[in-house]
Amino acid sequence: MPSRKIHFQSPRQLNELYCGHEENLELLERTFDASVVARDNWIQIEAEKESSIESIAQVFDLLLQGREQGLAVKDRDFEKTTLGVSEGRQEEMAELYEGGTVIRTKRKSIVPKTLGQKRYLRSIFENDVIFGIGPAGTGKTYLAMAAAVSKLLDGSIERLILSRPAVEAGETLGFLPGDLQEKILPYLRPLYDALHDMLTPTDVEKLTERGLIEIAPLAYMRGRTLSNSFVILDEAQNTTSEQMMMFLTRLGEGSKMVITGDVSQIDIPKSRVSGLLEVKKILKNLKGIHFHRFESSDVVRHHLVQKIIDAYGRYREAHS
């Protein structure tokens, strides 16, 4: 029976590639009909077909490339890489793992985990206005925040401005306890959470006090010109046509805008047209503006999230 032994630099490196979980080796065995044994700094592969051995070697080679870029391999990464190779998508997987796109912040290094995420990050660096549209859990806002934080830290921009519409707040702010900042905090909390994932609490406080980081509701953008800034508008599906135009025309010299949203989760009244639904028809031919569409395959939360999104999509198509 054909076999191959593959050596790695150290037992630790090998352990990092398959997460130290026997279940991942068993996944390889089931997928490629092979026997896989890991010991110290090597794996032994046996299979009836030489192609199965080659496929398993490709899985480890791809994961090694990702690890060298800074990717902390998780079980989900191992599973998706195995699936990609088994489906003959080696070129696509190679594009994901080769030519690293690593964003370094003070607390962690962030690496795109899907090809869609990698292309999204590239579009952020190559365009002035970027729309990231897709379902929950695809990293639309998180990756934009990571790119913005890295540019703030390296001095490429002077300010990071984060905004989102507080749709429900329109009718209820007056009845909530506390001052205005305390009233709008629940609507901005997801942005704060992402920020604290990349910077220390002390850094966030200092940068906010100095005005280098600003988090505010969309209404606060009116009448301003945002220059030398990285501006992110989250939950843009809940903007009206007028709000979207108002936000986009705040763009100043040396600035970049990323607008993210999920058109399946529109909360504004049905009598109003979502600015995010409308904007692609208006701006689709303008140079320097890029629309990136995420798919359910880009979801990086629990594996059930992708299946839930697909199920809802099928249901809506059947009942539309």
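Is Arg272 buried, partly exposed or exposed, and at what relative accessibility? In this predicted model, Arg272 is classed as partly exposed, with a relative accessibility of 42%. The partner of Arg272 in a salt bridge is Glu242, and their closest N and O atoms are 3.2 Å apart. Glu242 belongs to helix α11 (residues 241-248), whereas Arg272 sits in the loop between β10 (256-261) and α12 (275-283), so the salt bridge ties together parts that are 30 residues apart in sequence. Glu242 has a relative accessible area of 52% and counts as exposed, because the class of exposed residues begins over 50%.

Across the whole structure, the search returned nine salt bridges. Two of these involve Glu16. In one, Glu16 pairs with Arg12, with 3.2 Å between the closest N and O atoms. Both residues are part of helix α1 (residues 11-17), where Arg12 and Glu16 are four residues apart, about one turn of the helix. Arg12 is exposed, at 64% relative accessibility, while Glu16 is partly exposed, its relative accessible area being 23%.

In the other, Glu16 forms a salt bridge with Arg67, and the closest N and O atoms are again separated by 3.2 Å. This pair links distant parts of the chain, since Glu16 is in helix α1 and Arg67 is in helix α3 (residues 50-69), 51 residues apart. Arg67 is partly exposed, with 27% relative accessible area. Glu16 thus takes part in a salt bridge within helix α1 and in another that reaches helix α3.

The relative accessible area of Glu242, 52%, places this residue in the exposed class, and that of Arg272, 42%, places its partner in the partly exposed class. A further group is formed by Arg4, Glu50 and Glu54, which are joined into one network by salt bridges that share partners.

Confidence was examined for the protein chain as a whole and by region. The mean pLDDT of the chain is 86, and 91% of the residues reach 70 or more. Over residues 169-173, pLDDT stays under 50. For this segment the model has four contacts beyond four places in sequence. Predicted coordinates should not be read in detail where pLDDT is low.

Technical notes: Residues are numbered from 1 along each chain as its sequence is written. This is a predicted model: local features need pLDDT of at least 70, side-chain atom pairs count only at pLDDT 80 or more; totals for chains, interfaces and linings use all residues. Side-chain values use heavy atoms; hydrogens and water are left out. A salt bridge is a side-chain nitrogen of Lys or Arg within 4 Å of a carboxyl oxygen of Asp or Glu. Helices (H or I, at least four residues) and strands (E, at least two) are DSSP runs, numbered from the N terminus. Buried means under 20% relative accessible area, exposed over 50%, partly exposed in between (1.4 Å probe, protein chains only). pLDDT is the predictor's confidence in each residue, from 0 to 100. Contact means heavy atoms within 4.5 Å.
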